[in-house]
Amino acid sequence: MQTTLPRVRTRNWSLAWVGVVPFFAFAFFFLILPAGTLLIGSVQDKQGNFTLDNFRNMFQGISLNVLAVPSEANLFGLTIPLPFTVDFELNSIISAYILSIQLSVSTALIGGVLGFLLAYAVVLGGLPRFARSALLTFSGVASYFSGVPLAFAFIATLGRLGFVTTLIRNYVGFDLYQTGFSVLSLTGLILTYTYFQFPLMVLIITPALDGLKREWREAAENLGASDAQYWRHVAFPILLPSLLGTMILLFSNAFGAVATPYALTGGNFQLATILIFRQIRGEVLQDPGLGYAVALGMVFVMALSLTLYYWLQRRSERWLKR
Amino acid sequence: MKKIPLVSWIILLIGFLYFFVPLIGTLDFSLRLVKDQITLQAYINVLTTPRFQNTFTYSFTMALLTIVTTILLVAPTAYWVHLKLPWLRPFIEFITLLTFVVPAIVLVFGLIRVYARPPLSILESDLGANFLLVMAYTALALATMYRSVDVGLRAIDVRTLTEAAQSLGAGWGTILLQVIFPNLRVALLSGAFVTFAMVIGEFTIATFLARPAFGPYMANVGQTRPYESTALTIISLSLTWACIGAIQLLGRGARGQIAGTGQ
């Protein structure tokens, strides 16, 4: 039993805030101050005067024209005819952002769909209990398996001399790299990112699937709904906000990644994060103000996606409150 | 409406192939340092390299320091907010959100800008840079730890426990260390393991603070020695496995005991 200082309970509410000073001091010095400094730097020119030129410069040299000439677009290997031609020119910054967004959206979609299907399979797909716990354990590990080691794993697997590449070459007699595939390409990055994206989806969406109440299904069946109708009119609308919300989380997860693409491609792949990486090293842009603007652009995209996430989260809680 | 869950099995198989093929590929690669032979030489090379030992020890130490800092920062704050300042909750949540909104690369960019020049030029000394690294990692771990502790606090009756302790004459230190922390043991430990898994191989921040850490070392090895780098991958993955495994064990053990205090 502990009998330290018999303490008089003072009802001094006015001093209660002292207890949270360390936390807010930490937040100020190691989050708000650094971010704020970038913000200030981004609206200053080299002499320290206020300017919005840095943000303007991000979009410098961009042109976009839509012409009434038919053309074709390539989407995930599918050729789609378009009734117009988009004629555009980009600068390196905006292309980096577009590439980052492209990569993040694709991996969020692929990871999201695969993760959802897996979660569905173990929660509602009639699989035995151990399949579920095994999946959740592996997902727990794989969602943290990112960065440098993940890049190595994919080079060892899908690189020119990788395990799968060699296996296919020796047993199917087909060289992946003859088709133009490379683990260092956008496709390679998508495959690599998906490794930590779909487990994250599994981890987040499994509780949401658990939250679908049996009564809802029974009610729907009593009213004569088919399986498809139940999913279309009941389960899917309830799950939609969590599905979208989680995919947004996957998006920002991929958008902020640096170590994985850096270790995979040695910094040659121009993503927004890699651009900032090289800017800090002093390799690109040669303009500090522009560098800050590029960094803030990332914060802006992240803030936008998380706002959307929270809004969707609130909507999903309406039904799936646990 | 019993169906044979064939489709489910196929989906599960695809998922598990995605998990395991890269792992098998990496393991296979890491054992082939010597041509036409299965050998552990790559592992021996790695483990006997002084730079591996140094960087690993360094990152391990930094991870422990981060865990301690994060717990000391988050747990008392979360407890205090629960008990006395519930109106502060949105502000705290905003801060934890901020750690998501500012990606590591942007955070380190800002940190360099603030702490590499006067008046706060602490990056110049090793000690200062190490301190900054721990702070940056704490920022990364903040949200996870806060979530974990917050959930833990919701599960116990903070007010009653506090008042019971106070009526027995306990001071705030005693209450935190002997009443609240033991009740949060599972939350704190799982937060700690997640933090460890995040921090041990961290690359971006360590690189820019020029720290002799494990992440930059791994990246460095990857540029010149492919076999050793896959051996490192297997080693670092085993650590992640150990951490997640520990969390799962904790979670299982936690179900039975909620109110038990002490050892």
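How many residues of chain A are in contact with chain B? Keep that question in mind while you get the two chains on screen. What you have open is a predicted model, and the predictor gives the complex an ipTM of 0.86 and a pTM of 0.86.

**Stop 1: where the chains meet**

Colour chain A and chain B differently and look along the line between them. Here is the answer: 66 residues of chain A are in contact with 71 residues of chain B. Now select these helices of chain A one after another: H1 (21–42), H3 (92–123), H4 (129–142), H5 (148–158), H6 (163–171), H10 (259–265), H11 (272–280) and H12 (288–320). Each of them supplies at least two residues of the side that touches chain B. Which helix gives the most? That's H1(A), with 12 residues. Try colouring this side of chain A by residue class, and you should find 48 nonpolar, 16 polar and 2 charged residues.

**Stop 2: chain A by itself**

Hide chain B for a moment and switch to a cartoon view. Chain A has 12 helices and 4 strands. Its radius of gyration is 25 Å, while the globule rule gives 20 Å for 322 residues, so chain A is more spread out than a compact globule. If you draw a box around its C-alpha atoms along the principal axes, the sides come to roughly 75 × 65 × 45 Å.

How much of the chain is buried? Of the 322 residues in chain A, 41% are. Next, think about which parts of the sequence meet. Take the contacts in chain A with a separation of 6 or more: 73% of them join residues 24 or more positions apart.

**Stop 3: a bent helix**

Still in chain A, select residues 227–255, which form helix H9. Put a distance between the C-alpha atoms at its two ends and you get 37 Å. A straight helix of 29 residues would reach 42 Å, so H9 of chain A falls short of that span. Where does H9(A) bend? Centre the view on Phe236(A), where the helix bends by about 50 degrees. A proline, Pro237(A), follows within four residues.

**Stop 4: a loop that meets a distant residue**

Go along to Asp287(A), in the loop between H11 and H12 of chain A. Is Asp287(A) buried, exposed or partly exposed? It counts as partly exposed, because it has 16 C-beta neighbours inside 10 Å. Now add Asp45(A) to your selection. These two aspartates are 242 residues apart in sequence, yet their C-alpha atoms are 9.4 Å apart in space.

**Stop 5: over to chain B**

Bring chain B back and hide chain A. You'll see 12 helices and 0 strands here. Its C-alpha atoms fill a box of roughly 75 × 70 × 35 Å along the principal axes. In chain B, 47% of the 263 residues are buried, and residues 24 or more positions apart account for 76% of the contacts with a separation of 6 or more.

Try colouring by pLDDT too. The mean for chain B is 87, and 94% of its residues reach 70 or more. Which stretch stays under 50? Select residues 255–263 of chain B; for these the model has 6 contacts beyond four places in sequence.

**Stop 6: a buried methionine**

Select Met198(B), which is in helix H9 (residues 185–199) of chain B. Met198(B) is buried, because it has 20 other C-beta atoms within 10 Å. Show both chains again and look at what it touches: Tyr144(A), Leu140(B) and Ala141(B), leaving aside residues up to four places away in sequence. Add Ala63(B) as well: Met198(B) and Ala63(B) are 135 residues apart in sequence and 8.8 Å apart in space, C-alpha to C-alpha.

**Stop 7: two unusual backbone angles**

Finish with two loops of chain B. Asp36(B) is in the one between H1 (6–30) and H2 (41–48). Its phi is positive, about 55 degrees, although Asp36(B) is not a glycine. With 5 C-beta neighbours inside 10 Å, Asp36(B) counts as exposed.

Then jump to Ala210(B), in the loop between H10 (204–208) and H11 (214–224). Ala210(B) is another residue other than glycine with a positive phi, near 55 degrees. Here there are 13 other C-beta atoms within 10 Å, so Ala210(B) is partly exposed.

Definitions and conventions: Residues are numbered from 1 along each chain as its sequence is written. Chains are lettered from A and ligands numbered from 1 in the order in which they are written. This is a predicted model: local features need pLDDT of at least 70, side-chain atom pairs count only at pLDDT 80 or more; totals for chains, interfaces and linings use all residues. Two residues are in contact if their C-beta atoms, placed from the backbone, lie within 7 Å. Ala, Val, Leu, Ile, Met, Phe, Trp, Tyr, Cys and Pro count as nonpolar, Asp, Glu, Lys and Arg as charged, and the others, Gly among them, as polar. The radius of gyration is taken over C-alpha atoms; the globule rule is 2.2 Å times the number of residues to the power 0.38. A residue is buried if 20 or more other C-beta atoms lie within 10 Å of its own, exposed if 12 or fewer, and partly exposed in between; C-beta atoms are placed from the backbone. pLDDT is the predictor's confidence in each residue, from 0 to 100. The expected span of a helix is 1.5 Å times one less than its number of residues. The bend at a residue is the angle between axes fitted to the seven residues ending there and the seven starting there.
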